Amino acid sequence: MTAPLLYVCARPEQVAAVAEWASFRDGLGVRDDELVHHDLVREPLPADLDRFGAVVVGGSPFNVTDPDKTDEQRRLERDLERLAAAAIEGRTSALFTCFGIGVVTRLLGGEVTLDHAEGTGPADISLTDAGREDELFGILHPRFEALTAHKEGTASVPPGATLLAENVDCPVQAYRAGRALWATQFHPEPTAEAFVERMTVYRDAGYFDADAFDEVSAHVRTASVEQPTLLLRSFAARAVTA
């Protein structure tokens with residue numbers, strides 16, 4: 001790889017942040033020094049984005065629909081919007097996940113709503129016709145399983161975006177916008193076991209019944225997440241050839 005990739009962290013919890021970076025590293029199939037960890041919660045977006053081959057944006061306990069945002073969250077969201085705009089214009093390539101898709105949806109003029117939340121665990125996802133033809137998503141099975149846990153979702157594909165993946169509970173699971181931005185509602189990076197470890201950090205955050213942790217964990221461990229990993233490998237390969 002000629003240039004390192006950049007992982008942009010939007011998680012205040014350091015334990016979850018480090019683990020998420022490791023999951024992206026393993027999913028992308030790169031070495032430690034090939035995926036730079038940037039803590040966007042505590043540091044503004046780097047000015048020299050052009051030194052990175054591509055950018056991946058992790059999830060967050062933040063929500064775009066949060067009614068009372070701190071100054072920290074507002075600044076973080078503005079930085080993510082600047083990153084998204086750069087990718088849409090082709091100045092970098094970016095994969096936004098989970099919370100990030102809400103930021104991009106709002107930037108594009110779409111609606112983020114609480115009506116399409118999904119519980120913690122594996123979800124069945126289907127590619128659209130455009131998804132089957134997409135340079136990243138086209139390598140995936142037409143139907144695949146991925147891990148989800150979110151309190152909000154995109155109501156419909158936002159203006160200017162192309163819907164790539166969907167399911168019943170959350171009609172917008174992934175889309176492409178502009179020249180080089182992809183966004184997923186699902187988590188493409190964790191293994192089932194890594195997801196369970198993340199659940200321990202957010203046990204009391206309202207994503208699932210804390211008293212049902214063992215039951216939810218057992219269900220998560222049934223997930224087959226090889227296809228989302230292929231998505232990350234495809235993104236890393238594109239960064240090398242772009």
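## A nine-strand sheet and its helices

Let's start in the sheet: strand S3 (residues 55–57) and strand S4 (residues 94–97) run parallel and are joined by three bridges. Within this pair, Val-55 has Ala-94 in S4 as its bridge partner. Please keep in mind as you look around that this is a predicted model.

Stepping back, S3 and S4 belong to an open sheet of nine strands with mixed pairing, in the order S2-S1-S3-S4-S11-S10-S9-S6-S7. At its edges are strand S2 (35–39) and strand S7 (143–150), each of which pairs on one side only. On average, neighbouring strands of this sheet are turned by 25° against each other, direction ignored.

The following table sets out some of the strand pairs.

| Strand pair | Sense | Bridges |
|---|---|---|
| S3 and S4 | parallel | three bridges |
| S4 and S11 | parallel | four bridges |
| S10 and S11 | antiparallel | four bridges |

Strand S11 is a good place to linger, as it pairs in the parallel sense with S4 and runs antiparallel to S10. On the S4 side, Phe-96 stands opposite Ala-183 of S11. On the S10 side, Ala-174 has Thr-184 in S11 as its bridge partner. The hairpin of S10 and S11 has three residues between the strands, and Gly-178 there takes a positive phi near 65°.

Which way do the S11 side chains point, and are they buried or exposed? Leu-181 and Ala-183 point one way, Trp-182 and Thr-184 point the other way, and all of them are buried.

Now for the helices that meet the sheet. Helix H2 (residues 71–88) packs on the sheet, where H2 touches strand S1 (5–9), S3, S4, strand S10 (174–177) and strand S11 (181–184). The direction of H2 makes about 135° with that of S4. Helix H7 (residues 226–241) lies across S1, S3, S4, S7, S10 and S11, and runs at about 90° to S7. The edge strand S7 is thus among the strands that H7 lies across.

One last stop is helix H1 (residues 14–28), which holds Glu-20. Is Glu-20 buried or exposed? Glu-20 counts as buried because its relative accessibility is 0%, and the cut-off for buried is under 20%. Leaving aside residues up to four places away in sequence, Glu-20 touches Tyr-7, Arg-11, Gly-58, Gly-59, Glu-189 and Arg-198.

Conventions
Residues numbered from 1 in each chain as written. Predicted model: local features only at pLDDT ≥ 70, side-chain atom pairs only at ≥ 80, totals over all residues. Heavy atoms only, no water. Pairing = 2+ DSSP bridges. Helix = DSSP H or I, 4+ residues; strand = E, 2+ residues; numbered from the N terminus. Axes fitted to C-alpha atoms, helices over the stretch in contact; angles between N-to-C directions. Contact = heavy atoms within 4.5 Å. Buried < 20%, exposed > 50% of the residue type's maximum accessible area, 1.4 Å probe, protein only.
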